[in-house]
Structures are given as C-alpha cells and as structure tokens.
Amino acid sequence: MQNMRDIQRRIGSVKNTQKITRAMKMVAAAKLKNAQNRAEDARPFFNKTVEVLRGVFTRTKEAAHPLLAEREGGRHLVIVITGDRGLCGAYNHKVIDLAEEIVETEEEVSLMVLGRKARDYFRRLDTDIMAEYVQLDDYPGYGFANNLADEIIHHFEAEDVNKVSMIYTHFNSAISQSVKNMQLLPVEKFAEEAEKPETEQKEPVEAEMDAETDAETVEEEGEKKYVDYIFEPSPAEVFDNILPQYLINVIYSALLESKASEFGARMTAMDSATENASEMIDDLTLKYNRARQAEITKEITEIVGGAEALK
Amino acid sequence: MAAAPKIQLDVVTPQKLAYSEQVDLIEGPAIDGLIGILPDHAPLVTAMQIGVVRVVKDGEEIQIAISEGFMEVQPDRINLVVRTAELPEEIDIERAEAAKERAEEKLEKGHDKVDFAKAEAAYDRALARLKAAGHQDHGYDRL
C-alpha cells in the first residue's frame with residue numbers, strides 16, 4: 001500500500017493535468033465551431049468546382065492544355081497537410097502514415113509539407129522536401145491557397161514534377177475524420193473517381209437535390225458521350241483561367257477541412273484525456289481512503305493491543 | 001408562370017450558396033466581355049471576371065457583384081462558381097467606398113507591378129459592389 005502523502009501528491013498532479021487538458025479541450029471546441037462552419041460552408045463550392053470542372057474535362061475530347069497533360073513516370077509531388085501541434089490524437093499520424101507509404105513505394109517523390117508535424121517527421125527521414133509551410137493560420141485564407149496553387153502550377157509546367165497529389169483530412173464530424181488522397185494534376189477525370197457519389201450523399205440538404213440530379217446526368221451522358229461545350233472565347237483561354245481556379249478552390253477547401261479536422265481531433269483527444277484524468281483521480285482517491293482506513297485500523301489495533309497488555 | 005421558360009441559376013462561393021433561383025435571364029462579365037444567357041442555351045463554359053451580374057427573375061432585376069470565377073451553362077441550369085458574390089442588400093456601401101478610395105490611392109502611387117495589379121483588382125471589386133448596390137453617381141464606365 002502506497003504512502004498516504006504520495007497518493008495525495010499524485011492526485012494533485014493529475015488534477016493539474018486535468019485542468020490543462022480541460023482548457024485545451026475548450027479552446028479546441030471554440031475553434032472547431034468556427035472552423036467547422038467555414039469548412040461546411042465551403043463544401044457546396046468545392047463540390048460544384050469538382051463536379052463542374054471534372055465534368056467539363058471528362059466530356060471534352062482531349063483538350064490540349066499543359067495542366068491536363070499526362071506524362072509517364074517522373075517525379076510525384078505530394079502535398080501533405082498536417083497541423084503544427086500535437087495533442088490531437090492520431091490526426092497528424094494518419095496523414096503522415098499515408099504519405100510515408102507513398103514515399104516508400106514510389107521511386108521519385110517530393111513533398112510539399114504544410115504544418116510542423118509533417119515537416120519534422122519527413123526531415124528526419126531525409127525525404128526530398130520541395131517546400132514547407134509552418135505556422136499555418138487557424139482559419140486559412142484564400143490567398144494562401146492561391147500561392148500554393150501558383151507554386152504547384154509552376155513546378156508542373158516546368159516539368160519538375162509529372163504528377164501532383166494532396167493528402168488531407170476530410171472532416172466528417174468532431175469525432176470522425178478520414179484521411180483522403182486526391183490527385184490534383186493532371187486533373188483527374190470522372191470515370192476514375194469512384195468515391196464521388198458517396199461524398200455527395202453527405203451533403204447538406206439544400207445541395208443534395210442538385211447533387212442527385214447532377215449525378216444522374218453524369219451517369220447518363222458522362223461515360224462515353226461528349227457534350228459539345230462552347231468555350232468562350234476559346235478553349236485555351238478558358239482553361240488558362242479556370243484550371244488554376246480549380247486548383248485554388250480544391251486546395252482552399254482541403255485546408256479548411258484539415259483545420260476543422262485538427263480541432264475536432266484535438267477536442268476529442270483532450271476530452272478523453274480529461275475523462276481519463278477523472279478516472280485516475282477516482283481511483284487514487286479510493287486508494288487514499290483505503291490507506292487512511294488501514295492506518296486508522298492499525299492505530300486502533302495498536303491501542304487495543306496496548307490496553308490489553310496493561311490488564 | 002409556367003409558360004415562360006426558366007433556367008436554374010446557382011451562384012456558389014466559398015462562404016455559401018449565394019443565390020439559387022429559377023430565373024429568366026442573366027447577363028454577366030465573362031473574360032472577353034459581357035455575356036447573356038437565356039434558358040435553353042447551348043452548353044458553354046467560360047471564365048468570369050470581376051463585375052456585376054444582372055439577373056432577371058419574374059420581370060424584376062437583381063444585380064449581384066461577383067469577383068473572379070467561372071460559369072458552366074447547361075440548357076436548364078447555370079452554375080456560377082465565384083470567389084465572392086454579394087446581393088445588393090448585403091453590400092456594405094461605406095466599406096466599398098473606403099476600399100475604392102484606398103485602391104485609387106494605390107493606383108496613383110503604383111510603382112510595383114504586382115501591387116498595381118492588386119490595387120486594380122481591388123478597385124474593380126469596389127466598383128462592382130457600388131454598382132450592384134445601385135450607387136449611380138460614380139464613374140462606372142469601367143465596368
């Protein structure tokens with residue numbers, strides 16, 4: 001049985017830790033609310049962007065544009081979006097694991113890392129890091145996504161890299177986030193995207209109706225039949241304008257989703273940490289009471305024993 | 001009004017679904033100039049620039065200030081995906097005025113190319129907002 005004072009000290013320290021985890025949980029919860037709103041508000045925008053543009057790319061016969069060019073082999077640029085800080089459960093690690101898998105299986109991989117966690121990890125592994133961004137904003141702006149997109153386009157056009165994909169975390173709810181790997185360049189066409197309808201199902205109600213009708217049209221005419229789109233003023237000029245926008249929009253949404261996920265993961269992690277601390281305190285309190293009781297019993301036995309001896 | 005054909009217009013921004021209605025026609029600034037869309041239009045894709053989209057719905061006209069984006073047209077619907085879109089009642093006129101003045105100042109100084117382009121875009125956005133909000137006493141010839 002542990003010494004009473006030791007137990008008391010443990011209880012004190014666990015209580016202190018609990019205060020910290022509780023505070024972190026509250027902070028995360030407050031930020032989550034904001035980040036979640038932003039991410040969810042941006043979803044119709046993201047879905048429309050993907051739906052409209054991929055639809056256009058899919059249904060247009062090989063539109064010649066540098067950003068649609070599929071080149072064999074070459075370097076693969078992976079954008080890895082993690083957080084700057086830990087204490088958020090498996091959030092960072094799930095993303096890093098997926099990225100590491102790609103780094104290990106493919107020959108030429110470069111990374112663009114966002115968030116200190118991913119940077120530190122891949123630095124230790126000596127992976128080629130093309131660019132790094134740390135100290136991200138809690139609520140990333142459109143301008144930041146714009147810069148990232150510009151950089152990616154620059155690398156792709158210079159043929160430094162022949163494929164660009166992005167690993168981010170999709171926010172389902174505060175307790176459930178899923179890691180996604182999305183190919184950015186060359187822009188993927190619809191037929192290869194199997195999980196699309198599933199993501200649309202989770203849409204907020206107002207967008208759901210559109211999503212359904214659109215899914216139908218895509219099924220009907222998407223596979224083989226090409227729609228003759230008019231491009232105003234010309235396909236080249238339109239693609240020059242909308243392809244970068246597609247990238248920016250997609251990256252922007254991914255940033256928002258990832259941030260919301262980070263706060264969600266942190267809130268959940270800190271919530272269970274607080275709960276664990278409570279359990280631990282209960283446990284220690286029980287131990288303390290037992291120790292105290294044992295001490296009292298011992299003293300009584302001693303007194304009784306002493307009294308007996310005097311008789 | 002079952003007789004007159006309508007077209008579904010969805011204006012989507014990162015912040016929200018800004019506008020979603022059955023409309024009679026729209027007219028907006030594409031990269032190569034003003035473009036008008038009526039129901040049953042042939043499929044079309046174009047990029048949009050900063051400016052004012054004029055929407056006619058049941059004979060009434062609504063003006064929406066937009067910034068860069070793109071538009072996809074199908075015979076029965078228009079998807080207008082833009083960075084920002086504001087209906088007249090959402091526009092903060094004072095803020096737009098202030099932004100316009102700021103941009104004007106920068107344009108006058110204008111040394112750096114990038115700064116100049118940014119100021120120009122800011123100026124256009126402010127003008128578009130003012131125009132959509134119905135403030136006529138400013139130089140809007142630009143848009």
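Guide: Two strands count as paired if DSSP finds at least two bridges between them. Keep that in mind for a model that is predicted.

Visitor: Which residue of β5(A) does Phe171(A) stand opposite?
Guide: Start with the strands. β4 (residues 163-173) and β5 (residues 176-185) of chain A run antiparallel, joined by nine bridges. Two residues lie between them in a hairpin. Across it, Phe171(A) faces Gln177(A).

Visitor: And which residue of β5(A) stands opposite Tyr168(A)?
Guide: Stay on the antiparallel pair β4(A) and β5(A). The residue of β5(A) opposite Tyr168(A) is Lys180(A).

Visitor: In what sense do β1(A) and β4(A) pair?
Guide: Look at β1, residues 76-81 of chain A, beside β4(A). In this pair Val78(A) stands opposite Ser165(A). Five bridges join the two strands, and the sense is parallel.

Visitor: Which strands stand at the edges of the open sheet in chain A?
Guide: The order is β3-β2-β1-β4-β5 in chain A, with mixed pairing. An edge strand here has a single partner strand, so one of its sides has no neighbour in the sheet. The strands that fit are β3 (128-133) and β5 of chain A.

Visitor: By how many degrees are neighbouring strands of this sheet turned against each other on average?
Guide: Five strands of chain A form this open sheet. The average ignores strand direction, and the turn between neighbours is 20 degrees.

Visitor: What angle does the direction of helix α3(A) make with that of β2(A)?
Guide: Helix α3 covers residues 116-125 of chain A and packs on the sheet. It touches β1, β2 (109-114) and β3 of chain A. With the direction of β2(A), the direction of α3(A) makes an angle of about 145 degrees.

Visitor: At what angle does α7(A) run to β4(A)?
Guide: Helix α7 spans residues 235-310 of chain A. It lies across β1, β4 and β5 of chain A. Against β4(A), the angle is about 45 degrees.

Visitor: Is α4(A) parallel or oblique to α7(A)?
Guide: Helix α4 is residues 142-157 of chain A, and its axis comes within 8 Å of that of α7(A). The crossing angle is roughly 125 degrees. That angle therefore makes α4(A), relative to α7(A), oblique.

Visitor: How many residues of the contact of α4(A) with α7(A) are nonpolar?
Guide: Contributors from α4(A) include Ala145(A), Leu148(A) and Ile152(A), and those from α7(A) include Leu247(A), Ile251(A) and Tyr252(A). One residue of the contact is polar and no residue is charged. The nonpolar count is 12.

Visitor: Where is the cis peptide bond from Leu185(A) to Pro186(A) placed?
Guide: The bond from Leu185(A) to Pro186(A) is cis, with omega near -15 degrees. Pro186(A) sits in the loop between β5 and α5 (196-201) of chain A.

Visitor: Which strand gives the largest share of the side of chain B that touches chain A?
Guide: The contact takes 23 residues from chain B and 25 from chain A. β1 (7-12), β5 (44-48), β8 (69-74) and β9 (77-82) of chain B each give two or more residues to the chain B side. The largest share is four residues, from β5(B).

Visitor: Which residue of β5(B) is the bridge partner of Ile230(A)?
Guide: β6, residues 230-232 of chain A, pairs with β5(B) in the parallel sense. Three bridges join them. The partner of Ile230(A) is Leu44(B).

Visitor: Which residue in the loop between β4(B) and β5(B) has a positive phi?
Guide: The loop lies between β4 (33-37) and β5 of chain B. The phi is about 65 degrees, although the residue is not a glycine. The residue is Asp40(B).

Visitor: What percentage of residues 7-85 of chain B is strand?
Guide: An unreviewed UniProt entry annotates this span as "domain: ATP synthase F1 complex delta/epsilon subunit N-terminal". Its end C-alpha atoms lie 19 Å apart. Helix takes 0% of the span, and strand takes 71%.

Visitor: Are α1(B) and α2(B) roughly parallel or roughly antiparallel?
Guide: α1 (residues 93-109) and α2 (residues 113-132) of chain B have axes 8 Å apart. They pack at an angle of about 150 degrees. Over 145 degrees is the cut-off, so the two helices α1(B) and α2(B) are roughly antiparallel.

Conventions
Residues are numbered from 1 along each chain as its sequence is written. Chains are lettered from A and ligands numbered from 1 in the order in which they are written. This is a predicted model: local features need pLDDT of at least 70, side-chain atom pairs count only at pLDDT 80 or more; totals for chains, interfaces and linings use all residues. Axes are lines fitted to C-alpha atoms, for helices over the stretch in contact, and angles run from 0 to 180 degrees between N-to-C directions. Angles under 35 degrees count as roughly parallel, over 145 as roughly antiparallel, 65 to 115 as roughly perpendicular and the rest as oblique. Two residues are in contact if their C-beta atoms, placed from the backbone, lie within 7 Å. Ala, Val, Leu, Ile, Met, Phe, Trp, Tyr, Cys and Pro count as nonpolar, Asp, Glu, Lys and Arg as charged, and the others, Gly among them, as polar. UniProt positions are given in the numbering used here, feature names are shortened, and annotations may be inferred rather than shown by experiment.
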